[in-house]
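Reader: I should like to understand the terms applied to this model. Please set each value against its definition.

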Amino acid sequence: MHRRVNHMLDAQERWAKPVGEWNQRWITAAFARTRPLKDVLNGVWLGHPVHPAVTDVPVGALTAGVLLDLAGQRKAADIVTATGVAAMVASAATGAADAVDAYGRPQVQATVHASIMVASLTAYLASLAVRAARPSWRLLAVSFALLGYAGVAAGAYVGGELVYGSGNMVDRHAWRTGGARWRRLDVTEVPEGALIRANAGQDTLVLYRAGDAIHALDDTCAHAGAPLSGGAVIDGCVRCPWHGSRFRLSDGRVVRGPAVYDQPAYEVRAVDGGALEARRLPGPLD
Ligand code: FES
């Protein structure tokens, strides 16, 4: 079934790609003027994407709404359905903040997900309108709600595929653990003021010298895998070349999104013979 659904999803590329790119342009322009708001919606403050947490509210409320409708509990059903619809709007804002930085297949999946959710929201708004204006047309109101709920279920599936299947907003260092071993770097010189890429065993690092100190972070951006060595240094942070996330050079702390996870940081030492070695600093979960 999963393969069949994925096949159907990929077949939407013809319309979803141009629609996704168009959405990306205007949402990017809107967030360019409200960058701190985008960081809040992404979850930089939380150290975790906000969207999956917020979506629990409409999914839970709308599920309760369907059950209460079917049980004939009109007033309770109306209240939780209205709550779910309001939470759908909040979910849309956080989802847009995440999806605007997606490209290729994840962007297509995000567009299909968003389109299904907008259709579902429309059905729910119709349901709420009927509940308010024509209480005696209960069957119609419930039918709209059931239609909307089917959309929520389908949209949630596609959203799950976007995260679990395509890895959108997944920490690129999720399986990386701290390491107590020093590893020799394949560079011996780190000139001041430049981002230098270096290998330490299987790890690729980005190095930056500030006076006597050499800062080192994993070179792969935690957000979507860009090489940070292709970025720039601003205010003691390395700025990712793809979406502009900033990580503190001293400890890898994320200070600007869309990344929400910190970047693995390393300490560097000079050893006899002029060689350099690096060792991973403990992360928050180590
Ligand atoms: S890859 Fe997106 S901010 Fe680095």
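Author: M169 lies in the loop between α8 (138-165) and β1 (183-184), where helices (H or I, at least four residues) and strands (E, at least two) are DSSP runs numbered from the N terminus. This is a predicted model, in which local features need pLDDT of at least 70, side-chain atom pairs count only at pLDDT 80 or more, and totals for chains, interfaces and linings use all residues. Residues are numbered from 1 along each chain as its sequence is written.

Reader: Why is M169 called buried or exposed?

Author: A residue is buried if 20 or more other C-beta atoms, placed from the backbone, lie within 10 Å of its own, exposed if 12 or fewer, and partly exposed in between. M169 has 25 C-beta neighbours inside 10 Å and therefore counts as buried. Its phi is positive, about 65°, although M169 is not a glycine.

Reader: What makes D235 count as buried or exposed?

Author: D235 has 9 C-beta neighbours inside 10 Å, so D235 is classed as exposed. This residue, also not a glycine, has a positive phi near 50° and sits in the loop between β5 (232-234) and β6 (237-239).

Reader: Which peptide bond is cis?

Author: The bond from G257 to P258 is cis, with omega near 20°. P258 is placed in the loop between β8 (254-256) and β9 (265-270).

Reader: What does the domain assignment of the chain give?

Author: An automatic or database assignment supplies the bounds: domain 1 covers 2-165 and domain 2 covers 183-280. Over C-alpha atoms, their centres are 37 Å apart.
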